[in-house]
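Please look at the model below before reading on, and keep it in view while the text leads you through it.

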Amino acid sequence: MTYIVLILCVFLVGMALAAVLVKDLRSAIILLSALSLFASLAFLIVAAPDVAITEAAIGSALTTVIFVIALFRTRKSTEGNTSATVRRVDESARAVRRKETDNA
Amino acid sequence: MTVPQILYVSAFLLILIGLYSLLTQRNMIRMIIGLNIADLGVNLFLVTIGFVDNGSAPIFRAQAAAAGPMVDPVPQALVLTSIVIGFGVTALALTLVMRLFVTHGSIDTARIRGLKW
Amino acid sequence: MRKLIGILLIGGFAFYLITVGMGLFSAESRSELDSVGSEILATSPDLSGAANTVTAVVVQYRGFDTLGEVTVLFASALGVSMLAMAIRDGLLQDLFDDDGGFVLQAGSLALLPFIVLVGIYIVLHGHLSPGGGFPGGVIIATAVFVVILTSKTLSIPRGLINVLETLAGLGFLAIGFVGLYSPAQSFLANILPKGEFGSLLSAGFIPVIYAIVAIKVASELINIISKLTAAGSASREAAE
């Protein structure tokens, strides 16, 4: 039991450090979400199932959603959050769709 | 080391990591991530205070007394409300960041006059 | 420089926490900490009739505290709404370039009733098993988020949600005042019959209060997210 808790806590602290130090902001948000999930496991170990359920629902679902919305809302319109490859694929898909409608 | 001691230490480290991020980062979303980590550490600390060795969750199966010891329900109830309040604080802070982006065009504290230190 | 100052401040704070926090682990303060919890564990089954002691603490022993907490959440949702109104016109682009496509939209709509059902189950069994109004309300709100995030042109019935939120808040206060003018003469007194211990209809007013809390939490969270996701596009469509 002690070893399980020890490994869990190493994960917790490591994920917190990674979320603070990682360069990409999206990765930091996902790491925070994973940290929340592991924290809810820790709450389960200290016999607090109510807190574990609440933490899993709020910490890993809601907080992530709202962080991602904030990240999308604060991106610069010129550089964008989607990478160049994604945008190119998107444009080609749109061109294919246009061609299809023309044919029809 | 016992289970509560390990959890105390990791909660302590989580609080320190969160506060370090809050103090040193320049990107505001990262500062709020730090705030969330510190929040998590405080919650873990409070719940661990109520833990007793070999304690079961404070839920009765029948009205008769349970077999083993039960953990303290009071810190759990406090943390339950604290998590929900923490989400409210995060949502408000992120909306403020979005508002700041609209008015100043940046979320970097070094680029906004009046937020530099 | 900034990092150095940060590390120094954190070091000072860690030293403070270690020196002050060590007093927490002395035997004397330990027994003092446990006294409240053991008292509640001894009296809770008779006093509240709820099998889950955490629920009993949240709703019955600290009911006034829960009312304050719901108010704090309401204030936060109000702040988010006002700020979202202020940033609405400054947002250059919609949150999503495209909607999620047919499969995601149909899938999220098919998933909606099941997630809501799980949420309602968790709310109604809050006094028997882990769960209750706060996580249940959040789960119900999550079901709506999945739909919001996959479709671009969804219109949330904001009026209905606001009415539900107001009614839930007033209902909480009304139950409190009923307790005040009942023979028990205290705010939020548990005057309903306790029922059989461990059955669904037991623990007096605890399931009622938790249902109200769930409605309030769910409607506030749906309000927050719908304001933040659809604020720009909805206002532009209304203006055109």
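**Two helix pairs and how far to trust them**

Helix α3 of chain A and helix α3 of chain B are roughly parallel to each other, because angles under 35 degrees count as roughly parallel, those over 145 as roughly antiparallel, those from 65 to 115 as roughly perpendicular and the rest as oblique. Their axes come within 10 Å and cross at roughly 0 degrees, α3(A) covering residues 49-73 and α3(B) residues 73-104; axes are lines fitted to C-alpha atoms, for helices over the stretch in contact, and angles run from 0 to 180 degrees between N-to-C directions. Residues that meet here include A:I58, A:L62 and A:F67 in α3(A), and B:V84, B:F87 and B:L94 in α3(B), where contact requires that C-beta atoms, placed from the backbone, lie within 7 Å. The residues of this contact divide into 16 nonpolar, four polar and three charged, with Ala, Val, Leu, Ile, Met, Phe, Trp, Tyr, Cys and Pro counted as nonpolar, Asp, Glu, Lys and Arg as charged, and the others, Gly among them, as polar.

This is a predicted model, in which local features need pLDDT of at least 70 and side-chain atom pairs count only at pLDDT 80 or more, while totals for chains, interfaces and linings use all residues. Residues are numbered from 1 along each chain as its sequence is written, and chains are lettered from A and ligands numbered from 1 in the order in which they are written.

The helix α3(B) also takes part in a second pair, since its axis and that of helix α4 of chain C (residues 63-87) come within 9 Å and cross at roughly 15 degrees, which makes α3(B) roughly parallel to α4(C) as well. Among the residues making this contact are B:G88, B:L92 and B:L96 of α3(B), and C:L73, C:G79 and C:L83 of α4(C). By class, the contact of α3(B) with α4(C) has 15 nonpolar, six polar and two charged residues.

Turning to chain A as a whole, its secondary structure comes to four helices and zero strands, helices being DSSP runs (H or I, at least four residues), as are strands (E, at least two), numbered from the N terminus. Chain A averages a pLDDT of 79, and 72% of the residues score at least 70; pLDDT is the predictor's confidence in each residue, from 0 to 100. Over residues 78-85 of chain A the pLDDT is below 50. Where pLDDT is low, the predicted coordinates should not be read in detail.

Conventions. Contact = placed C-beta atoms within 7 Å.
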